[in-house]
Structure formats: C-alpha cells, structure tokens
Amino acid sequence: MNYTKISLALALGSTMGWAQTAEIGTWAGFRKAATSFTFDDNAPNHVTHAAPAFDEYGYKATFNLVVNWNPDWSGFQKMADNGHEIASHSNTHGQNMSGEEASSKKSIEGKIKQKYGTITVAYPNCNVPGMDALKANYIAGRICGNGQEVMGKDGPSDWFRVPAHMTGTTGSFNNTNAFTGAMQQAIQKGGWVMFLTHGFSNAGNNGNANYSPTDLNAIKGALKWANQNDKEIWVTTFRSATMYIKERKASKIEAQDGGAEGTMTFELKHNIADNISKYDYPLSIRVKSDWKKVEVTQDGAALESKIDGGYIYFDAVPNAGKIVVKNADAPAPESSSSAEPESSSSSEAVESSSSVTALPIQAFDDRHTSAYVDASGYITVQNAQGLNITVFNSLGNVVRSTKGIGCEQKVFSGAKGMYVVKIGSKAWTLNIK
Ligand SMILES: [Zn+2]
C-alpha cells in the first residue's frame with residue numbers, strides 16, 4: 001500500500017510537481033483588507049495621545065514630521081522603537097516641498113533611527129514635487145483625498161500619489177462610524193484605505209497641527225472596532241502596507257522537489273531592486289495540508305506557524321532562504337516548536353486578541369532592535385536580523401529559540417502571561433494578555 005502511494009507521488013512529481021500548493025496572502029495574516037492611519041505636522045499630542053491609543057492594541061501608525069517645526073525627537077524615537085513609522089513631511093512645510101525631498105529625509109534620519117530610515121513622505125499642502133527626487137528617496141508618497149481613498153488590493157495607481165481620507169472638522173471623518181464605514185468598504189473591496197489626521201479637538205497640545213482637528217475618541221473607537229475585527233482588517237503603517245503590496249505583487253512561492261519524507265520545501269522570491277528598501281517585510285503564506293503538527297523554518301530559523309481549516313499558516317521573508325515545513329507528528333520527541341506549546345487549539349491565540357498590551361520596552365541597542373506584542377497576540381521583534389532570539393516563559397523555561405530574519409518577525413504566540421524576550425544581549429519583558 002505504501003508502495004502505491006509512493007508511486008503515485010512520484011508520478012505526480014514528475015508531471016506536475018509535488019501536489020504542494022502554497023499561496024501568498026493578499027494581506028498579512030490572510031486578512032481581507034488593510035488600513036493605515038497617518039498623522040501630519042508633529043503635534044506634541046501625537047506622542048502623548050495618538051501613539052498610546054495605538055499601543056493599547058499593538059497597532060502601528062505613521063507620523064510625518066516637519067523638520068523645522070521642532071519635533072519631540074526623543075518621543076518620536078521611542079515610537080519608532082515600538083514599531084511606529086516616522087516619515088517626512090518636508091523641512092519647512094512650504095507650498096511645495098520641491099528641493100526638500102532628500103534633505104528632509106537626511107535630517108530626520110540624523111535624529112530618528114529606524115530600519116531603512118525615512119522611506120515614505122507626505123507632501124505639505126498635498127502638492128506633489130518632482131518625481132525623480134521622490135523616487136530617489138522614497139518608496140511611496142501620500143497626497144490628500146482624491147475620491148479614491150478606498151484602494152484595491154494592489155494599492156494606488158501611482159505610488160507617489162497615494163490618497164488618504166482627511167479626518168476632522170473640515171470633512172465627514174470626525175466620528176467612529178465614518179472610520180469604520182471606510183474600513184468596511186475596504187473589507188468589501190479586499191483593499192486598503194488610508195486616513196490623514198492632524199491634531200485633535202480634545203486632547204493635549206496640537207503645536208502647529210491646527211488644521212482640521214479630529215475627535216480623538218473617533219479614532220479610539222475606530223481602533224477598538226478594528227481590534228474586534230482583527231481577522232478581517234490589518235492596521236499597519238504606510239511603509240509596511242506599501243512594502244507588503246510591492247512584495248506580494250512581485251513574489252512567487254514555489255515548491256521544491258525531492259525533500260526528505262515528511263517535509264515540504266519552498267522558495268519565496270522576488271526581484272524588486274531599489275536602493276531604499278530590501279523589501280524584506282514578511283509575507284503571509286499558507287499551504288494546504290492534513291498534517292496535524294508542523295515545524296516551519298526558514299534558513300534554519302524557526303518560524304511561528306499555526307494549523308487551521310486544512311492549511312498551515314506562517315509568515316516568511318522573500319529572498320531569505322529555503323522554507324522547510326516538517327511534519328512534526330512523527331516520533332521526534334524533544335522538539336515541539338509548533339505554534340502552541342501549552343494550549344490545545346492552534347487558532348486560539350489569534351482568536352483571543354481583544355486585550356493585548358505590550359509593557360514598556362526596557363532596552364535598546366544601536367540597531368534599535370525591539371520587541372512588542374502585536375494586535376494578534378504575537379511576540380514580534382524588529383531589526384533583529386541575524387541575531388539569536390530566545391523567548392522564556394514566567395518559569396524561566398525556553399519556549400522559543402530562533403534567529404532574526406527580515407525587518408519584522410513574529411517569534412512566539414502562546415498562553416497568556418509574562419515572557420522575557422532576549423535578542424542578542426538585550427532583553428524585554430512582555431505580557432501576552
Ligand atoms: Zn502638514
């Protein structure tokens with residue numbers, strides 16, 4: 001009987017490749033849509049009020065700074081270290097930022113350390129400067145509203161004219177329903193919607209961000225709704241959404257023949273080349289399989305995985321080495337590094353995502369490596385490429401040992417409680433709630 005099976009597999013292998021099909025998710029986590037919140041004009045309350053509203057759920061946003069408007073550099077650096085994006089909104093906020101494309105980027109990079117530096121831009125007064133200077137410095141640029149704010153899965157028609165709904169008193173986006181309505185449209189379309197906010201009508205100091213103040217509670221309500229619908233909508237930065245779309249459109253995942261029995265091997269590759277980003281944001285992958293327990297690695301690094309509805313899910317980094325999915329149900333006693341070390345249902349950690357809070361980060365290094373708990377309850381690291389990563393539970397036992405790949409990486413999901421994450425020689429204490 002085994003012989004028959006093997007023959008069939010070989011026959012299939014020779015004619016059409018292994019019957020292993022892997023798909024790349026349209027959005028991270030195979031969600032249906034994405035949304036990005038962007039904040040202009042470096043209001044002090046972006047640091048004191050906006051970031052904490054996002055941090056409550058492990059969500060990340062984009063903050064566009066005007067270099068000459070005295071940003072709270074250390075406050076924004078802490079936000080960058082926690083995964084938020086700090087981007088350019090010019091030096092002087094003139095009518096057109098022409099001539100400040102490169103210099104504003106350099107100035108911000110001199111103050112704010114983040115992977116790839118400053119790689120997106122929002123144009124002051126929504127006027128698009130010269131395309132050559134933009135393309136030499138940024139992967140994408142944001143305008144204001146243009147009637148096409150709810151984009152499709154492949155994003156805008158022009159990466160340097162990415163539209164966003166203007167929020168606040170000048171328009172209709174000043175209550176939670178307006179935000180959730182736009183997010184629902186994005187879900188229906190399978191697409192992406194961006195928002196553009198300045199200061200707030202009711203929270204802290206707006207500084208120079210006086211235009212069209214927004215009710216902070218409208219945004220808080222929108223984030224609460226997004227968290228309740230976290231399986232449908234991905235809340236992420238302008239930068240990450242842009243990288244994800246470009247990588248997904250350019251990437252192929254292909255099964256490799258001839259692996260050991262009980263393993264599947266894949267290559268995930270793209271050939272995007274520019275001098276701004278490596279495009280190593282992890283793409284969400286799923287593989288159809290009836291295996292009950294798996295170990296997934298890429299270039300030898302253990303990846304988080306889960307099994308749900310006949311699929312194996314994991315995130316992998318393009319151009320970062322061979323992906324091996326191993327059936328771990330076979331007798332291999334000591335290694336049990338699939339997604340759930342203690343609980344029974346492998347999708348539980350993703351489903352119970354309603355109240356996740358990262359504790360304050362405790363340590364940084366020159367690379368600004370960091371660790372936090374994301375909106376789905378995953379301990380996530382950034383800027384850890386090539387470093388050893390170890391996760392300990394509250395008893396001090398190692399629950400995950402891997403190495404850093406890509407610009408961002410989910411390294412562990414599991415039972416609620418306190419964990420210590422060691423990346424290289426630095427450590428963070430995190431709480432999965
Ligand atoms: Zn502005």
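In the predicted model, serine 36 has methionine 194 of strand β9 as its bridge partner. This pair belongs to the pairing between strand β2, which covers residues 33-40, and β9, where 6 bridges join the two strands and the strands run parallel. Strand β9 itself spans residues 192-197 and is mostly covered, since 6 of its 6 residues are buried. Trp192, Met194 and Leu196 point one way from β9, whereas Val193, Phe195 and Thr197 point the other way, and all of these residues are buried. In a regular strand, the side chains alternate between the two faces of the sheet.

Strand β9 is also joined to two short stretches elsewhere in the chain. With strand β7, made up of residues 150-151, β9 shares 2 bridges, and these two strands run antiparallel; here methionine 151 has tryptophan 192 as its bridge partner in β9. With strand β8, made up of residues 165-166, β9 likewise shares 2 bridges, but in this case the strands run parallel, and methionine 166 stands opposite leucine 196 in β9.

A further part of the strand architecture is an open sheet of 5 strands, arranged in the order β11-β12-β18-β14-β15 and paired in the antiparallel sense. The edges of this sheet are formed by β11 (252-256) and β15 (301-303), each of which pairs on one side only. On average, and with direction ignored, neighbouring strands of the sheet are turned by 30° against each other. At the β15 edge, the pairing with strand β14 (residues 294-298) is antiparallel and extends over 3 bridges, and within β15 it is leucine 303 that stands opposite valine 296.

Among the helices, α2 (residues 44-55) and α7 (residues 216-228) have axes that come within 10 Å and cross at roughly 15°. Because angles under 35 degrees count as roughly parallel, α2 is described as roughly parallel to α7. The crossing of these two helices is right-handed. The contact brings His49, Ala53 and Phe54 of α2 together with Leu216, Ile219, Lys220 and Leu223 of α7, and the residues involved divide into 5 nonpolar, 1 polar and 1 charged.

Two asparagines in loops have backbone angles that deserve mention. For asparagine 319, phi is near 60°, which is a positive value in a residue other than glycine, and this asparagine lies in the loop between β17 (311-316) and β18 (323-327). For asparagine 383, phi is also near 60° and positive, again in a residue other than glycine, and its position is in the loop between β20 (379-382) and β21 (388-392). As for their surroundings, asparagine 319 counts as partly exposed because it has 16 C-beta neighbours inside 10 Å, whereas asparagine 383 has 22 other C-beta atoms within 10 Å and is therefore buried.

For the protein chain as a whole, 9 helices and 25 strands are found. Of its 433 residues, buried residues make up 47%. When contacts between residues at least 6 apart in sequence are considered, 67% of them join residues at least 24 apart.

Key:
Residues are numbered from 1 along each chain as its sequence is written. This is a predicted model: local features need pLDDT of at least 70, side-chain atom pairs count only at pLDDT 80 or more; totals for chains, interfaces and linings use all residues. Axes are lines fitted to C-alpha atoms, for helices over the stretch in contact, and angles run from 0 to 180 degrees between N-to-C directions. Helices (H or I, at least four residues) and strands (E, at least two) are DSSP runs, numbered from the N terminus. Angles under 35 degrees count as roughly parallel, over 145 as roughly antiparallel, 65 to 115 as roughly perpendicular and the rest as oblique. A crossing is left-handed if the near helix is turned anticlockwise from the far one by less than a right angle, and right-handed if clockwise. Two residues are in contact if their C-beta atoms, placed from the backbone, lie within 7 Å. Ala, Val, Leu, Ile, Met, Phe, Trp, Tyr, Cys and Pro count as nonpolar, Asp, Glu, Lys and Arg as charged, and the others, Gly among them, as polar. A residue is buried if 20 or more other C-beta atoms lie within 10 Å of its own, exposed if 12 or fewer, and partly exposed in between; C-beta atoms are placed from the backbone. Two strands pair if DSSP finds at least two bridges between them.
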